[in-house]
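Thank you for making time this morning. I would like to walk through one structure slowly, starting from its interior and working outwards, for those who have not seen it before.

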Amino acid sequence: MAPSCAPQPKRRVLVRFLLAALLFCGLEGAVFRSGFYLRFLEPNSTAGLLQAILNDERLHYRAGPAYVQVLGDSRMALLLRVSDRLAGETGYTFGRIATAGTHPRCWYYMLREVDPDARKYAAVVIPVYTYDDEDWENLADAEVDIHYLAPLLRLSDLFEFSLSFDSWYLRGRAFRTVLFKGLTYKRDLYAFWADPAARRMHIRWEREDGAKARYDFVGDVKTNMTGLAVDWPAHKITHYPDDATPDIRAMLDTELLRSTGNYTGQRTAYLRKWFGKIVERYRGTRTRILFIRLPRGPVLRPYKPYTPTSAVREIAARGDAILMDEHCFDELERPELFHDAVHLNPTGCERFTVILAREVRGILGPPPTR
Amino acid sequence: MLFNTAQFFVFLAVVLALFYGAPLAWRKPILLAASYFFYMSWNAKFVLLLLTLTAIDFTAGLLIARTKPGPRRKLFLIVSLSANLGFLGFFKYYNFLADNLARLWGLAPHVWALDIILPLGISFHTFQSMSYVVDVYRGEQVAIRSPLDYALFIAFFPQLVAGPIVRAREFFGDLYHWRRPTGDEVLRGALMVLFGLVKKMVLADQFAAVADSYFKNIGAHPGVLAAWSGVIAFAMQIYFDFSGYTDMAIGMALLLGFHFPVNFRRPYLSQSITEFWRRWHISLSRWLRDYLYIPLGGNRHGRLATYRNLMLTMLLGGLWHGASWNFAIWGGYHGTLLAVERALGVKGESSGWTWTYPFRAILTFALVSIGWVFFRAANLSDSLWVIGNLFHGPRGHTLLGPWYLRLIALALLLAVLEEKAEWFERVVRAPAWVYASAMAILLFAVELLGVTEVAVPFIYFQF
């Protein structure tokens, strides 16, 4: 190749490329990072549901020294209407951003969203299924987290969030989601274009009735697991509850008869990371971190997995969090209080809320005055 | 490594950084290494084939240049052409010939078939390589003395897989008189890459969904409207797919200081099939003209010979696309149309936009679209079924909803504006905010409207 003889056009080119990048970021930011598009997000989508729950929380929040935030997934049975009723007795108001299908990684980002300055709460209640770190699913590769968290992720989360997945495929997906929000929202956008009238109707319902409907939600009061019988040595459910639907039966099979995972330390590492981040976020503040063990099920699995580590116990041992009595909710682990294999029914939820509210009051003591 | 993947753009960024960051003497080896890496990322084993063909044609070029005209010189040419056509024939046409021979012998169709994988880009690089050797033989091209330069000519990654088919003098002209791209060239190259990506991911891949749903189960979509919409969807898909790839290839080459010829000039605005072939896959048309049609006699030996030459050229052009009777029929169909137009005295040049223009353009587009049926349908009986549905039967339902019609309208508007006002070049030379806005909008279009869940392969990669 002969040496170059053309003049260097660097500046002219660079200005155009930089301006293009800025305009693209501006356009993308204006539509997807400003909150503008969230007004049109389908409320029945994963990200839409999470947004609705965070909005509920913003409406429900009462500023003051006695507000307790509760995290979790669908198994978090706290009913706000019950805890609000008990507020006079306990002195504490409970908030709830627990969302079905979410995991500790989501909880960290959700908490950051509702409490950006880490100073709103007297305590944050974090539920776990067991205080022992049983490895039966790899939460680090929960793809659904990307869908839930898309609206909450910032450019500064790019590397930490992406690299928190184990598989390179999901790391790539997470990376793209943080960097290009449009990639995540475009399916939602297409659905909006395909039927704008339906979308407007969903949004109107969510705006006018969604929060109240979730607050007043009672659930199926009739369903319970009475009659459930399991032959553990034969590893077989011998009798299903009479009113169990096929879905509930399948869930009972999956949850009760699943094999005990081999210990890999994967869950410990995951929980250390995300619970650790929550702890760090509130270090040096008045907020106490409380771990609770949820009611485990309508019947108890007799299998005892080999779990030499426990992230929550380690954190509590360092004095960074409080472990609520492991057996606090044992009395709720009865077939008549469960709706299916893992979820309490309305009666169970009411009783759970009462126990939780009183236990939290017992641990935190009387609420401080302003 | 497809052009429409993040992986490829990382590769391209690394190549550009290494290329411009390295001293001049290192740049050719860097491009060659990158090109071989690109080729081997698909299937490393076939690099031996690429090396073998490169070595044969490089040596043949040198030997032809050193030998005086005569039978020995011709022998070197024949050896080189035989090697190229032999490899191409084996990999691409063996099973087709074996199946047809087996049928002739009354045997089961696949009795002699082999499990052959078609090497990436073999149709393109063999044609490019053969054109070099023929040019050297004709005395139109000096023999290249550096095997590294020649290997780069054959393997240059922007056009290795699906063209454009570059003539040796064009490529080596750039290589031996390389100069850093001007500001306009860099801006043009980047815009072409992005515009090509939009054509592929936003337009081609969306129309692919319609075309695939129609052609994969034609029985499920009876009726005239369904047939036309399925065929038009494929016409859109193949154009945006192939021209999108070509835009990206030309743009990338430009960013590296190489100037590739235009391969598409808005072919669906053509007023005749003759004009269509002057606007569609121009580098292949040019190759077929220079190395097949003219050597066959072109139009120099009377009308009938001209028609025969047109037909033969298009038949072979059809078979170049793939080894099946459908491609042969597609080629023959176009050959027939070209011969008829020649008989009617239709010129290939655009005759201006008179009031008859829309009728001519629509008729040409319809004829081209009918040809695409043979190109896309799984076999001959499917092709005939679809063509039957284009012209008779129940009305059926269109598969192209309002969204697709809007995309077609937008594409048509851009094509007409380019034809009449050259908007692309105006954007390149426009003030910074105009250029930057165009780039930002195209990026946003890829992000929002592009098919990003899966990387859909380019259609011409299979050829």
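**From the core outwards**

Please keep in mind that what you see is a predicted model. The largest nonpolar core holds 128 residues, and those that touch the most other members are L191(B), L194(B), F207(B), V231(B), A233(B), A235(B) and M439(B). Helix α10 of chain B, residues 224-255, supplies the largest share of this core, namely 21 residues. Both domain 1 (6-180) and domain 2 (184-462) of chain B give residues to this core, so it lies between them. If we take A235(B) and leave aside residues up to four places away in sequence, it touches V368(B), S369(B) and W372(B). Another core lies apart from this one, with 75 residues, including L78(A), A123(A), L290(A) and L337(A). As general background, nonpolar side chains in soluble globular proteins tend to be buried together.

Let me stay with chain B and turn to its two domains. The domain assignment gives domain 1 as residues 6-180 and domain 2 as residues 184-462, and their centres, taken over C-alpha atoms, are separated by 25 Å. Across the boundary, 24 residues of domain 1 of chain B are in contact with 23 residues of domain 2 of chain B. On the domain 1 side, the elements of chain B that give two or more residues are α1 (6-21), α4, α5 (122-138), α7 (157-160) and α8 (168-176).

Within helix α4 of chain B, which covers residues 71-104, we find F76(B). Is F76(B) buried or exposed? It has 21 C-beta neighbours inside 10 Å, and because the cut-off for a buried residue is 20 or more, F76(B) counts as buried. Not counting residues up to four places away in sequence, F76(B) touches A60(B), L63(B), I64(B) and T67(B). Measuring from C-alpha to C-alpha, F76(B) and G61(B) are 8.3 Å apart in space, while in sequence they are 15 residues apart.

How do the two chains meet? Here 24 residues of chain B are in contact with 22 residues of chain A. On the chain B side, α2 (24-40), α9 (183-215) and α19 (432-449) each supply at least two residues, and α19(B) gives the most, with 11 residues.

That brings me to chain A, whose secondary structure comes to 14 helices and seven strands. Its C-alpha atoms fill a box of roughly 85 × 50 × 50 Å along the principal axes, and of its 370 residues, 34% are buried. Among contacts in chain A between residues at least 6 apart in sequence, 79% join residues at least 24 apart.

One helix of chain A deserves a closer look, and that is α10, residues 196-216. With 21 residues at 1.5 Å a residue, this helix should span 30 Å, and its end C-alpha atoms are 29 Å apart, which agrees. Even so, α10(A) bends by about 60 degrees at D209(A). The helix is also hardly covered, since the count of buried residues among its 21 residues is one.

I will finish with confidence. The mean pLDDT of chain A is 89, and 97% of its residues reach 70 or more. Over residues 2-7 of chain A, however, the pLDDT is below 50, and this stretch has nine contacts in the model beyond near neighbours in sequence. Where pLDDT is low, the predicted coordinates should not be read in detail.

How values were computed:
Residues numbered from 1 in each chain as written. Chains lettered and ligands numbered in written order. Predicted model: local features only at pLDDT ≥ 70, side-chain atom pairs only at ≥ 80, totals over all residues. Core = buried A, V, L, I, M, F, W, Y, C linked by C-beta atoms within 7 Å. Buried ≥ 20, exposed ≤ 12 C-beta atoms within 10 Å, placed from the backbone. Helix = DSSP H or I, 4+ residues; strand = E, 2+ residues; numbered from the N terminus. Domains from an automatic or database assignment. Contact = placed C-beta atoms within 7 Å. pLDDT = per-residue confidence, 0-100. Expected span 1.5 Å × (residues − 1). Bend = angle between axes of the 7 residues up to and from the residue.
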